[in-house]
Amino acid sequence: ANDAMSVTADNEVTITHGAQDVELLTLAGSNNDVVFTMASVADSTKMVYTTAGANNITLAGDADGFASASFTDGSTGTVGLKFTAESAATALDNFGVLDGGIDLASDNNYSLNLASGNTVTNSVAKTAAITLNANDSATDSSVTVVMGQNTTVINFDKFETVTITGNDSK
């Protein structure tokens with residue numbers, strides 16, 4: 001079934017899916033920027049996330065809740081992803097380049113397939129490994145990594161250009 005739901009909200013909202021996902025989600029900020037946290041997504045490959053409105057939107061939750069999902073950016077604000085957990089390789093190719101970036105906000109292993117041109121921020125100290133894969137055959141793929149905190153291991157696969165910026169006090 002393709003259940004649909006539109007949510008317009010401010011600040012923070014958690015959408016808990018349970019055993020039956022609401023597959024077609026349109027998400028917008030009402031008067032302020034908003035963080036939509038996805039919880040208990042059963043089958044991310046059937047999810048279609050669409051953003052709307054003029055406010056900045058962050059989609060948050062377990063990285064698995066976004067793996068191979070479809071995404072359409074209909075907003076005029078920035079859109080980003082914030083991962084609070086990760087347990088398997090996650091294909092984010094369908095999200096394209098997110099102007100709000102991708103925030104790795106938990107100390108978990110991350111193995112992410114990304115479109116070239118994304119910015120990934122490491123916002124918490126990591127003892128687990130991070131792997132970023134361009135997942136393409138292009139010869140000009142690039143990624144920017146912002147090291148907001150210490151990390152043990154970062155692997156890059158199929159990116160020809162990697163830019164790393166950091167906080168030298170960390």
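Two strands count as paired if DSSP finds at least two bridges between them. The views below show a predicted model.

**Figure 1. Overall fold of the predicted model.** The protein has zero helices and 14 strands. From the N terminus on, its elements therefore read β-β-β-β-β-β-β-β-β-β-β-β-β-β. The radius of gyration is 16 Å, close to the 15 Å that the globule rule gives for 170 residues, so the protein is as compact as a globular protein of that length. The C-alpha trace spans about 40 × 30 × 30 Å along its principal axes. Of the 170 residues, 38% count as buried. Among contacts with a separation of 6 or more, 29% are between residues 24 or more positions apart.

**Figure 2. Surface and charges of the protein.** The accessible surface comes to about 7,700 Å². Carbon and sulfur atoms account for 45% of this surface. The protein carries 5 positive and 20 negative charges. The mean positions of the two sets of charges are 6 Å apart.

**Figure 3. The open sheet S7-S9-S11-S13.** Four strands make up this sheet, in the order S7-S9-S11-S13, and their pairing is parallel. The edges are taken by strand S7 (90–91) and strand S13 (151–157). Each of these two has a single partner strand, so one side of each is left without a neighbour in the sheet.

**Figure 4. Pairing of strands S9 and S11.** Strand S9 covers residues 110–113 and strand S11 covers residues 126–133. Four bridges join S9 and S11 in the parallel sense. One of the bridge pairs links Tyr110 to Ile130, the latter in S11.

**Figure 5. Surroundings of Asn113 in strand S9.** Asn113 has a relative accessibility of 17% and counts as buried, because the cut-off for burial is under 20% relative accessible area. Leaving aside neighbours within four places in sequence, Asn113 is in contact with Thr90, Ala91, Leu92, Asp93, Asn133 and Asn135. Thr90 and Ala91, both contacts of Asn113, are the residues of edge strand S7 (90–91). Asn133, another contact of Asn113, belongs to strand S11 (residues 126–133).

**Figure 6. Surroundings of Asp103 in strand S8.** Strand S8 consists of residues 102–104 and includes Asp103. The relative accessibility of Asp103 is 19%, so this residue counts as buried. Beyond its neighbours within four places in sequence, Asp103 is in contact with Leu81, Lys82, Phe83, Thr121 and Ser123. Ile57 lies 46 residues from Asp103 along the chain, and the C-alpha atoms of the two are separated by 13 Å.

**Figure 7. Ser40 in the loop between strands S2 and S3.** Most residues other than glycine have a negative phi. Ser40 is not a glycine, yet its phi is positive, at about 60 degrees. The loop that holds Ser40 runs between strand S2 (24–39) and strand S3 (48–53). With a relative accessible area of 48%, Ser40 is partly exposed.

**Figure 8. Ser68 in the loop between strands S4 and S5.** Ser68 also has a positive phi, near 60 degrees, in a residue other than glycine. The strands on either side of its loop are S4 (57–62) and S5 (70–75). Ser68 has a relative accessible area of 32% and is partly exposed.

Conventions:
Residues numbered from 1 in each chain as written. Predicted model: local features only at pLDDT ≥ 70, side-chain atom pairs only at ≥ 80, totals over all residues. Heavy atoms only, no water. Rg over C-alpha atoms; globule rule 2.2 N^0.38 Å. Buried < 20%, exposed > 50% of the residue type's maximum accessible area, 1.4 Å probe, protein only. Contact = heavy atoms within 4.5 Å. Areas by Shrake-Rupley, 256 points an atom, 1.4 Å probe, with all protein chains shown as cover. Lys, Arg positive; Asp, Glu negative; His and termini not counted. Charge placed at Lys NZ, Arg CZ, Asp CG, Glu CD.
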